[in-house]
Each structure stands twice: as structure tokens, then as C-alpha cells.
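Grab a pencil and work through these exercises with the structure open beside you. Try each task yourself before reading the solution.

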Amino acid sequence: MSGFRLIVSIVFALVTVSHCHKWPPKTKVLHIGGIFPINGTEGWQGGMACQPSAMMALDDVNSRFDLLPGYKLKLHWNDSECEPGLGALVMYDLLYKPPQKLMLLAGCSTVCTTVAEAAKMWNLVVLSYGASSPALSNRQRFPTLFRTHPSATVHNPTRVKILQNFGWSRIAILQQAEEVFISTVEDLETRCRESGIEIVTRQSFLNDPSESVRNLRRQDARIIVGLFYVVAARRVLCEMYKQGLYGSSYVWFFIGWYEDNWYEANLSQEKIECTREQMKEAAEGHLTTEALNWNQDNQKTISGMTVEDYRKRLNNELLKNGHDVNIRFPDGYQEAPLAYDAVWAVALALNRTMHRLAERGRSLDDFTYNDAISAGEIYSAMNATQFLGVSGTVAFSSKGDRIAWTLIEQMINGQYNKVGYYDTQTDNLTWLAEARWINGKIPQDRTIIIDKLRTVSFGLFVTMSLVSSVGIAAAIGLIIFNVVYREQKLIELSQPACNNVMLVGIVLLLSSVILLGMDGDTVPVVHFPVVCQLRAWLLCLGFTLAFGAMFSKVWRVHRQSTKSKEETSKMKEKKSRTQSAKAKVDWVLVGLSCIDVIILTIWAIVDPQMRMVENFQLENPSDTEKDIKIRPSMEHCESKHQNIWLGVVYGYKGLLLIFGLFLAYETRSMKVRSINDSRYVGMSIYNVVVLCLITAPVSLVISSQADASFAFVTAALAFCCFISMALIFLPKVVEVVRNPDRPGDGDDETDQTVSKEEEERYRKLQQENEQLQQLIASREHKLKLLNQRLLERNASANVNGVTANPAVVSPSNNASTNVSTPVMSGPARTTTIHLPPAKKNSEVRFSTSSMEMLPNKTRVGVGIMKVHCTETIVTDTAPSTATPTTLVFNEEVMDGVGDEDQEEYEERECATGVELIEKITDSPMFQRGSTRSPEESYL
């Protein structure tokens, strides 16, 4: 406060002296250069308002006779369009075109960088009214630069203070690829890191910010610091609206030196694809930080004007230049006081320099670009300059930066409202009003992510545990059943020891169902690896014992069914040693179990399974705010080389399944009395293979769904176990329940199922039997006719007393029969009828008697000889007193006849048969007294 009073006293003293002292007229001119960005399309075009403000200051300075007595200032200026190249050209024109310039004014950080870096070569002091780049604070690079515009880094302490005030510890940065913003971001990153604030992403763009804004959305940025010129700011704001990065969940920090209505200006000229309403909606609620460019106290400044006086005068000047401030303020309006005070700072510094040079006998008229002494005096005077201007107290730091407070504003309903100040020197944040947020709630700096472990639902876990418990109880009951009824042939011939091993495997498999349902809700994280190991051991050993027992059975059936007859007879001879065979070790099961134990032991030691958590995509909750996301996760048992171990286990088990399926198929129609349930075992193997082929790939697909995966895998396990127990043990239980007291003789097998091959063969045999029965019926009918005719013939022959002539008779149809009666000696005589080979598709009918087949009685039958027969002999045994007679006859056969020809053929055949029988009965073999053989009686 004392310093301020001193400044006011000096001002009043100067004013008093100016009135009391008569100053010389201002006849000499001091020339200064000015570079203003006015007509450009990119960057900051603040020269629109700053150039008229500087001209106002120039008039006010020249009107003061006590300031630079005898001299007046003249400003030579040109437009740089905020382009570094054009700015350098403007500077060279100012320097090389007379008259010589004592100092330079410059605006726009990019142009100031070029001008200030080169000005030292001409011993010129540069005063910037509109450059905020932190890079310009480098005294080694810019030794003669001063700024009435505060450095952009002055905003960073304010931003960090605001972030801490609202509890935001996670931000994102969006910047334009300009040096001023790059250096500002580097300073902000350093301050955030020191304050423990995380910068989640830093996006930059040159002209089009669309991709950078989309990246902010992907990174879930909520608190965003934007550093860009006003033209780029309008593009960013439109893209914010398109991407939805505005509203109650987002807070944007913009630069405070934009005009108040910047978001709705020049939309059509710049081809912004958003309407004013959309831009206003997107800009609602954002915060700005800016150095105080306007004096906050309504008191007279060094020019004798108050801030309000200056504002009215500036507005009038802008109206004269064609800028309607009632509609829109031109670019640079907020920085106009800085340009005004910059001219006053130049005048005060030159005034001080003039007096210092006069003490040395020199003047400002002697200045040249090689005059380092005058340049040093101007630099020292500028460094010591301090006054109360329309932008506030003007003073420079050792780096040439303006020392100023920071103003915090918030846009509410399309208007900027002051909410606070921040004093960098005292680290004091003063709130003028509370910040107003959409929905009345302070936005969060990130989406609140709630980790939710996907676990098996309690109802499903209880249900499957009950089902598995029922299966375990059933398996234990069947083991007891096998032990109690082990002496019955029905149980003894089903390999009860092997069945018990299978039941033990089923118990292990069903026990793993309970372990598969245990997760983070029921098992502590520390003990979860133990559950993982138990799951692997129970599943592997249970499968090996259950399926291995079935495999062992079908393997025995296959071996016994493929042995030679000698080996089979040897097995029968060893039947008396059945009891010792029961105690024989099943090396198949032992070998399979040893392989499992070796693999699991190595796996547990070398690469044990641990608890791994798999995270899924974020999900929106259905009943909470949208700032909360659910991150589902699921526990898995995994090891570092999980795929290798699973490949080994699955490969070995898969080969076992394939081989078991092959053996089951090969033995599908084989029956072995020592293993009476082999067919049911084969059916169980089919069931296991099919379920494994379905369960393995499906479980991999639905592994991310806890309930679905658990339900499918456990249901498949339970179904497989229950089906296997039902197929193999249910028939035995039913048989024992029906006949509990019968020990069994070994023939009552449980395996009574008829295969499809046997059904097909049975059906064919039935068809053939029906055909043969029809054929026999027709032949019997014909034989009956023959017998009738033969009896009628014999009856008529006996009545007439005719004796049959044993001569050769030629029957009809060219059939010839030769009957010969050779003389034989011995106890018996034999009459033989020789039938020659038949032709293809022909039939020969004959009658025969056989004592050999039926020794207790004599049977006369009728037979049909096919083409494969070569000779048929019909033999009759008679007493030895008779003369044996041999009848040899040939019969003509008809091939390929139709139905009518066939009937005629059969009629002729019957007639021929009658004649043949007459020949036989008339032969001497039937002329042997009153006793006749059964054939004679029959004939």
C-alpha cells in the first residue's frame, strides 16, 4: 500500500510540476516501431483493438509536456498477421527504412519470438503487449525483451490451485502445436507432478482438433485444460459438442484472453459446422484464467483517466475504425489496456534514459543500432519502470515478465462471471462467488469405476451342489451294492472291481462340481491357488478312473474276441482259477493313473496355477448416475504356460477317448461271458466322447460368463456320470431286486439287447422261412395228388390181378427211365435210383427213405434238387431174398418257362411221376411175398 501511495504522489508531483514549470515545445521526434497482428486468419489477431489503444496512448503521451520535454513520439507500424515470416519482414522494413527506431512494440507470441531474438543484434529493446509464451522468459535467448502481457505460465499456478480446491487429481491437456502452448504445457506438467496431479493424456493438433478430441473421449478425460488460439478454440468447441464432451460431467479450462462472445463469432467465415446455440450449449460452465488486464479499482491512472474513462474512449475509437462494440468486441479487446500501458512504459523509460544520457553529455538523438551504451541505459530504465496504468500496476520481473494477479471466470448462461482471484506472489486464492455447476454437483475428475467380480449365483451353486451330492450318494450306494452282491454270477461276471474303480472316479468328478463353483465370494484370495490345484487333480484323476475303467473293459473284450481257438480253450481250462484272477492287477488303470500323477505333480511344482483376474469392458449401471461404471472381472486359475499344460493333458486324454471309441465300435456286437455288460460299457463310452466333444469347445466360448460356464460344465459332468451309472448298474440292480435269492447260473446276463445287425438277419430269416413254408405247402399239395393217383392205380391193378412188367418204360415228355435188376448175394438188397445232374434253373423231384437219419422209423420224403447237385441216390433196404433193382432215369427240364408253361410242365411231371412209381412197384423188388417194406406200403 505504501508503494502505491508513493506512485500516486509521484504522478501528482509530475502533474503539479507540469503546471508550474514551462516546458520547451516538442519539436523533435523520437521514432519507435510497432508490429500488430490484424488481418490474419490463424493465431491471435489482437491488433484490431491493440493498435487503436496504442495510438490513444501515443496521443496522451505527446500531450504531456513534462514527459520527454522537447520530444514527441511517433509510432511506425505494420501488420504481421501473427505470421513469424511476415513479422520478420515487417521488422526488417522498420529497421532498414529511415528514420532509426529507438524501440520496438510487438504482439503475438510467434512473431515476438522472431523479433525479440533478432532485435538484440541491433541493440533494440522490445516491449511486447500481447505475447504470453513462457519461452520468452528465457533471458539468454531474449536478453532485451519486456512484456506488459503476463507470461502464460502465470496461469499454471492458478490452475493447479483450482484443481486442488475442487479435489481434482486427474486431468487431460489439449494444446495447439505452437511454441507458446508447448512451453506452457511443459511448465504445467512440472507443477502438476509436484502437486500429485495425474495427467492422463496430452493431445496436440495443428489445425484440425477432431481426432484429438475423440482421443480425449477414449481416455475418459473429464477435467481438460485447453491451450489454443481463439480460432482453433471455436473448432475445438464444435468438436466437443459433436463428441458430447460437455455438460455436467466435464470441466474445460480455456484461456481467458478470448473475447466474451468468442464462441459465436465468425462461425460462417471459419466454416464451423455448429450453430450458435450448439456452441453456447457446449461452452456452458467452462472456466477461464487470465491475468488482470484491466485495473480493478476505479481510480485515476498515470494518464489521468479511470478505467471506465479509458473504456468509453476506447469504444469510441473502435467505432470510428468500424468495430461495433455493441454487437461484438474485436480481437484483442481484453489486451488493449496492455498496449496502452506499453506505450506509456516506453515513454517513461525513454524519459528516464534521456535524463541519464544528459548527465553523460549525450542525447537520444545520438542513438544508432551500434550504440550499446544508449541501449543499456534504455534497458535499465525499462527494467526500473513502475506505474499505475489502466491494466493495473505495471512492473517487470528480472526476466522481463509482467507481475500480475490472475482472474478466474466461469461462463454461466452465455456470460462470463467473475468467481475469484489468485495472487501468485502470496499464493492466495480469493473466491468472489461460488462456482455454479450443471445439476448442482461438482463434476468428478474421472469415471468412478466399481470392480464387480462375476461369480456363480448362489442358487445355481446350491442346485448343482445338491445334484452332485445326489450323484455321489448314488455312486457310494452302488459301491456298497457291488460289495454285498459280489457272489452272484450277475455281479461276478461284470468285473465288479473295475466297476468300483469307475464309481470312485465318478465320485471325484462330482466332487469337483463343488470346487468349480467356489470363487472370490466363498474362498479367500490367499487360499484360491489351493482350490485351483484341487480342481485339476479331481478332474484329471476322476476322468482317468471313470473312463479308464470303461476303457479297460472294452480292451479286455477286444482282446478275448480276437484270440485264436487254442488261446480260447486255454482260457476255459483256467476257469477254475477265477478267484485268483479277481485279484489280478488292472495294469491299464494303473498306467493311466500314473501318467496323470506324473503330469499333475510336475505342473504343480514347475508352474503352479494361481489366481488370475480377467477384466472386461466397462458397463453402465442401470440404477445410478452415468459417472459410475461397472468393471466386471472374473477369476481364473492360470499358470504362466497354461496353454502348454492344457495341450499336454487334452492331447493325452483325447487320444484315450479316440482309442476307447474305436474299441467300443469294434466290440459293439461281441459278447464275452466273463464281461456281461460290455455293450452297456460301449454305450457309456459313446456318451462320454460325445459330451467331451461338445463341452470342451463350448466352455471355451462362454468362459467369460460365470453362470453359463459353470452351469454348462457341471451339467455335462453330472449328466455324463448319471448316464454311465444308469447304463451299467441299473439293469443289475433291477435284476437283483426281482430275484434277490437266486445266485445266478451265469446264463442270465444283463446284456440282452439285440443289435441292429442281428435284427436285420432275423428279419431276413423270417422272410426266407415264410417263402419256404409256402413252397413246402405247394409241394405237399402236389405230393398229395400223386399219392391219390398212385393209390388209385394200385387199387385197380390188384383188382385186375395184373403183375407189373419190369421192362423198361419210356414215360411221356421224352423222359426215359432205365430200371435194372442185377443179381446180388448177401443178407440184403438195395434198389438205387440214379438221377443225372440237373440243368441251370431246373428242378428234379424224387422220393426217398432214410434209415440213417431216423433210425427208429422209416420216412419217405420228397425233395427238390437244384443245379448244384450232381447225382441223387434213392436207396431202399429190403430182405436179402429179393433181387436188387437199380432204376436210372433222366428227366428233361424246361428252362425259362412262363407261368402257363410251368403249370403244363408240372402236370406232365406229375403224370411222369405216376408212371415212374408204377415201374418201381412192378419191379421185382416189390414182388417178395406178403410182407412189404414201409416204402411198399406207402407207395
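**Exercise 1.** Is Arg311 buried, partly exposed or exposed, and what does its side chain meet?

*Solution.* Keep in mind that this is a predicted model.
- Step 1: Start with accessibility. Buried means under 20% and exposed means over 50%. Arg311 comes out at 27%, so it counts as partly exposed.
- Step 2: Look for a partner of opposite charge. Arg311 and Glu308 join their side chains in a salt bridge, with 3.9 Å from N to O. The cut-off is 4 Å, so this pair makes the list.
- Step 3: Check the partner too. Glu308 has a relative accessible area of 38%, so that residue is partly exposed as well.
- Step 4: Place them on the chain. Both sit in helix α10 (residues 307-320), three residues apart, which is about one turn of the helix. An α-helix has 3.6 residues a turn, so residues three or four places apart point the same way.
- Step 5: Don't stop at the salt bridge. Arg311 also lies over the face of Trp294, 4.1 Å from the ring centre.

**Exercise 2.** Which parts of the chain does the salt bridge between Asp365 and Lys28 tie together?

*Solution.*
- Step 1: Confirm the contact. The two side chains meet at 3.3 Å, N to O.
- Step 2: Find each residue. Asp365 is in the loop between α11 (336-359) and α12 (372-383), while Lys28 belongs to strand β1 (residues 28-36), so the bridge ties together parts that are 337 residues apart in sequence.
- Step 3: Check exposure. Asp365 is partly exposed at 39%, and Lys28, at 41%, is partly exposed too.
- Step 4: Put the pair in context. The structure holds 24 salt bridges, and some residues share theirs: Glu211, Arg214, Arg218 and Glu239 are linked in a network.

**Exercise 3.** In the salt bridge between Asp371 and Arg362, which residue is buried?

*Solution.*
- Step 1: Find the contact. The closest N and O atoms of the two residues are 2.9 Å apart.
- Step 2: Compare each value with the 20% limit. Asp371 has 7%, so Asp371 is buried. Arg362 has 25%, so Arg362 is partly exposed.

**Exercise 4.** How are the rings of Phe166 and Trp431 arranged?

*Solution.*
- Step 1: Start with the total. There are 31 aromatic pairs in the structure.
- Step 2: Read the geometry of this one. The ring centres of Phe166 and Trp431 are 5.8 Å apart, with 70° between the planes, which is edge-to-face.
- Step 3: Locate the rings. Phe166 is in the loop between α5 (155-165) and β6 (170-176), and Trp431 is in strand β15 (residues 428-431), so this pair links distant parts of the chain, 265 residues apart.
- Step 4: Check exposure. Phe166 is buried at 17%, but Trp431 is partly exposed at 31%.
- Step 5: Now try another pair. Trp252 and Phe254 are tilted, with 50° between their planes, and both are buried. They belong to one aromatic cluster whose members include Trp44, Phe181 and Tyr263.

**Exercise 5.** Does the span of helix α22 agree or disagree with its residue count, and where is its kink?

*Solution.*
- Step 1: Work out the expected span. Helix α22 (residues 706-738) has 33 residues, so at 1.5 Å a residue it should span 48 Å.
- Step 2: Compare. The end C-alpha atoms are 45 Å apart, which agrees.
- Step 3: Look for the bend. A kink of about 45° lies at Phe729, shortly before Pro731.
- Step 4: Look at the ring there. The charged end of Lys732 sits over the ring of Phe729, 5.8 Å from the ring's centre.

Terms used:
Residues numbered from 1 in each chain as written. Predicted model: local features only at pLDDT ≥ 70, side-chain atom pairs only at ≥ 80, totals over all residues. Heavy atoms only, no water. Helix = DSSP H or I, 4+ residues; strand = E, 2+ residues; numbered from the N terminus. Expected span 1.5 Å × (residues − 1). Bend = angle between axes of the 7 residues up to and from the residue. Buried < 20%, exposed > 50% of the residue type's maximum accessible area, 1.4 Å probe, protein only. Phe/Tyr/Trp six-rings, centres within 6.5 Å; stacked < 30°, edge-to-face > 60°. Lys NZ or Arg CZ within 6 Å of the ring centre and 35° of its normal.
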